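Me: Could you take a close look at one part of this structure for me? I'd like to hear about the largest pocket: what lines it, and what sits around it.

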Amino acid sequence: MSAAVLVVGSANADLVVPVERRPGGGETVLGGDTTLSPGGKGANTAAAAGRLGADVALLGAVGDDSYGRLLRDSLADAGVATGHVRTVGRPTGIAYITVTPDGENSILVSPGANSALEPGDLTDDVLDGVRVLVTSLEVPLPTVEHAVARASAKGVRVLLNLSPAAEVSRETLGALDVLLVNEHEAAYLLGTEDADPRKLLELGPRAAVVTLGAKGAVVVEADGSTEVASPKVEAVDTTGAGDAFAGALAASLAEGATLVDAAKRAVKVAAVSVTRHGAQPSYPTPDELE
């Protein structure tokens, strides 16, 4: 089984609670009713690409539980191939999410089965026919670095969504076709809050995309940088918006789009997603982008 886009990453059940404000240390705050939806950076990225019509598969791991079945069903509904999703002897990962009235979220992730995704799970046959590999950091770092190295060696275009922020090797950064980060992750990598995004290329990737929330994104390539504005929308829930961007970016790159054009489509997808509740349930189809 092969796909044009292969996502190597996490699959989580999202438990979302609306709150007026987040609790401080030692404080209890009452929230609204908990909602359950499928999530996880890997599954979200794959679902976003799948809803756009991309030929996409997920390499990941879930538990033998109701959350795992929820995720498999959601991925299938989004058109994502799940033949490389393993069922392991650990509980499915869970993300505990609070959302404030302005749509901003705070997330605590219990990785569970995601921690069982190993470098050996990515074999050469899994990469057959793959044009774009996307990975992120809710799965073990050795697995991510192995995936980047193997895909790059096979001539696959490699996109790393460096989220959550973590230290990755110079070799891994140097193997990337696209480094995708938000402002906080860029600051983490560069060691300063107000660094020039163009300095990201000095770390090794051939190109970088920095997402800026409601302001859109900046695409950084060897010959310069391009600002990509986002449509103005009323945000109700930003959960999974970055993953929506990653999935849309990968889908467009697999179709042969330039990085700037792919980013233009990705900001539209992310903008639509924040106008709806949840992660995967909020991702649009091509018709809904018009």
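Reply: Here is a walk through the pocket, then the packing and a few charged pairs.

Keep in mind that this is a predicted model. The largest pocket holds about 1100 Å³ of space. Its lining counts 43 residues, and those nearest the centre are Asn105, Asn182, Thr238, Ala241 and Gly242. By type, the lining splits into 18 nonpolar, 16 polar and nine charged residues. Several elements supply at least two lining residues each, including strand E2 (12-18), helix H1 (41-51), strand E11 (178-182) and helix H5 (183-190). Helix H6 gives the most, four residues.

H6 turns up again in the packing. The largest nonpolar core has 48 residues, and among those touching the most other members are Phe245, Leu249, Leu253 and Leu58. H6 brings the largest share of this core, nine residues. There is also a second, separate core of 37 residues, with Leu122 and Leu201 among its members. Back in the largest core, Leu58 has contacts beyond its sequence neighbours that include Val7, Gly42, Ala46, Leu75 and His84.

As for charged pairs, the structure has eleven salt bridges. In one of them, Asp121 meets Arg86 at 2.8 Å, N to O. The two are 35 residues apart, Asp121 in the loop between E8 and strand E9, Arg86 in strand E6. Asp121 counts as buried because its relative accessibility is 18%, under the 20% cut-off. Arg86, at 30%, counts as partly exposed. Another bridge joins Arg276 and Glu288, with the closest N and O atoms 3.5 Å apart. Arg276 lies in the loop between H7 and helix H8 and Glu288 in helix H8, so this pair ties together parts twelve residues apart in sequence.

Definitions and conventions: Residues numbered from 1 in each chain as written. Predicted model: local features only at pLDDT ≥ 70, side-chain atom pairs only at ≥ 80, totals over all residues. Heavy atoms only, no water. 1 Å grid on protein atoms, 1.4 Å probe; cavity = no way out; pocket = protein on both sides within 12 Å on 5 of 7 lines; lining within 4 Å. Points joined across faces, edges and corners; volume = space filled by probe spheres on them. Nonpolar A, V, L, I, M, F, W, Y, C, P; charged D, E, K, R; others polar. Core = buried A, V, L, I, M, F, W, Y, C linked by side-chain atoms within 4.5 Å. Buried < 20%, exposed > 50% of the residue type's maximum accessible area, 1.4 Å probe, protein only. Contact = heavy atoms within 4.5 Å. Salt bridge = Lys/Arg side-chain N within 4 Å of Asp/Glu carboxyl O. Lists of a residue's contacts leave out its neighbours within four places in sequence.
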